[in-house]
Amino acid sequence: MRFIGAMLAAAAALAFSGVAVAQGPLVVKFSHVVAEATPKGQGALKFKEVAEKLLPGKVQVQVFPNSQLFGDAKEMEAVLLGDVQFIAPSLSKFDRYTKKIQLFDLPFLFDDIAAVDRFQHSPPGQALLDSMKNRGLQGLAYWHNGMKELATNRDRLIRPEDVKGLKFRIQASDVLEAQFRALGANPQKMAFAEVYQALQTGVVDGQENTWSNMYSQKFHEVQKTIAVTNHGVIDYMVVTNAKWWDGLPADIRAGLKQAMDEATAHANRLANELNERDRKRIEEAGKAKIQPLSKEDVAAWRKAMEPVWKKFEGDVGKDLIEAALKSNQ
Ligand code: LMR
């Protein structure tokens, strides 16, 4: 009797210590919506590799690409519910959690990815990683994808008037909605996993994305023209459940943090290269025409999208916009 009592007490102590002694490694899930052959896909795989190397037998990372586990509509709730531990939504998809991150969607805010990178590393950029803590989400890192291009199922795509009245798929972002309204087009919010079919069946006429996303999803096969607008950015914030993260044993959190830092460096090193590679592949495939734009053409797009800034200046904050603009120098 005394023996059984001691056993029960020991079992209870173990259970309360939160240490999975007999159950094997802690399984953590990383879910995302893109293909593996993209910057984010490669970053997630690197995270798994390094985390399992640094924490052998303690942590197992399962990566689920291509919206296999959760798509855009469900992944944030899934993190908050503890059904998945890491996701990396594009910065366009956080506006239900903080208005500040809408900054990144302002059209023609950043000259290039180097400027985006400088801003993300600045104190105001780093502060945004903590801006959703009160909503239960902890930002751990920024990952790059690249600058966005505009594509349609029309032959001509040079000036803003060429998209008047066209239907565009957009990410779930009010800023992007305003951007297409400013162009006289009809935006439709849609999960990433549904875009190919929507383009193929003509539910929408066009979309905006990076070269790597367009190539890996075969969008170029169902679009006629891709204009090199570079009018915005698709980058990511890797987020986790703030409570879960804070409650991890210190050695596990430190190992996961180091794995995240290495994965970040890896993904960000690769991003440009993968987008350039996929731009060439789209060119070689010869299905969609790549439309270069003159300085005057780009200026016309910039002018047409200008009203968006005024509309969101209050929500985002003038100080943050100014800090972002400084990173262009
Ligand atoms: C999109 O929905 O177009 C992108 O955010 C997908 C992604 O994660 O790159």
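What follows is an exchange about a predicted model, its ligand site and some of its residues.

Colleague: What are the ground rules for this predicted model?
Modeller: Local features need pLDDT of at least 70, side-chain atom pairs count only at pLDDT 80 or more, and totals for chains, interfaces and linings use all residues. Residues are numbered from 1 along each chain as its sequence is written, and side-chain values use heavy atoms, with hydrogens and water left out.

Colleague: Which residues surround the ligand?
Modeller: Val33, Val34, Lys40, Ser90, Lys93, Arg169, Gln171, Phe192, Asn209, Asn213 and Tyr236. A residue is near a molecule if one of its heavy atoms lies within 4 Å of it.

Colleague: How is that shell around the ligand split by class?
Modeller: It has 4 nonpolar, 4 polar and 3 charged residues. Ala, Val, Leu, Ile, Met, Phe, Trp, Tyr, Cys and Pro count as nonpolar; Asp, Glu, Lys and Arg count as charged; the others, Gly among them, count as polar.

Colleague: What makes the pair between Tyr236 and the ligand a polar contact?
Modeller: A polar contact is a pair of N or O atoms within 3.5 Å; within protein, one must be able to donate a hydrogen and the other to accept it, and residues adjacent in sequence count only if both atoms are side-chain atoms. A ligand oxygen is 2.4 Å from an N or O atom in the Tyr236 side chain, so the pair qualifies. For the side chain of Gln171 the distance to a ligand oxygen is 2.7 Å. For the side chain of Asn213 it is 2.8 Å.

Colleague: How much of the ligand does the protein bury?
Modeller: The protein buries 100% of the 270 Å² that the ligand exposes when taken alone. Areas come from the Shrake-Rupley method with a 1.4 Å probe; for residues, only the protein chains shown count as cover.

Colleague: Why is Asp72 called buried or exposed?
Modeller: Buried means under 20% relative accessible area, exposed over 50%, partly exposed in between (1.4 Å probe, protein chains only). Asp72 has 15%, so it is buried.

Colleague: What does the side chain of Asp72 contact?
Modeller: It makes a polar contact with the side chain of Lys93, at 2.8 Å. A polar atom of the Asp72 side chain also lies 2.8 Å from the backbone nitrogen of Phe192. Lys93 and Phe192 are both among the residues around the ligand.

Colleague: What is notable about the phi of Asn66 and of Ser67?
Modeller: Asn66 has a positive phi of about 55° although it is not a glycine. Ser67 has one of about 60°, and is not a glycine either. Most residues other than glycine have a negative phi.

Colleague: Where is Asn66, and where is Ser67?
Modeller: Asn66 lies in the loop between β2 (59-64) and α3 (75-81). Ser67 is found in the loop between β2 and α3. Helices (H or I, at least four residues) and strands (E, at least two) are DSSP runs, numbered from the N terminus.

Colleague: Are these two buried or partly exposed?
Modeller: Asn66, at 38%, is partly exposed. Ser67, at 17%, counts as buried.

Colleague: Which residues of helix α6 are buried?
Modeller: In α6 (residues 174-182) they are Val175, Leu176, Ala178, Gln179 and Phe180. Asp174 lies in α6 too, but at 30% it counts as partly exposed.

Colleague: What is found at the start of α6?
Modeller: A side-chain oxygen of Ser173 reaches to within 3.2 Å of the backbone nitrogen of Val175.
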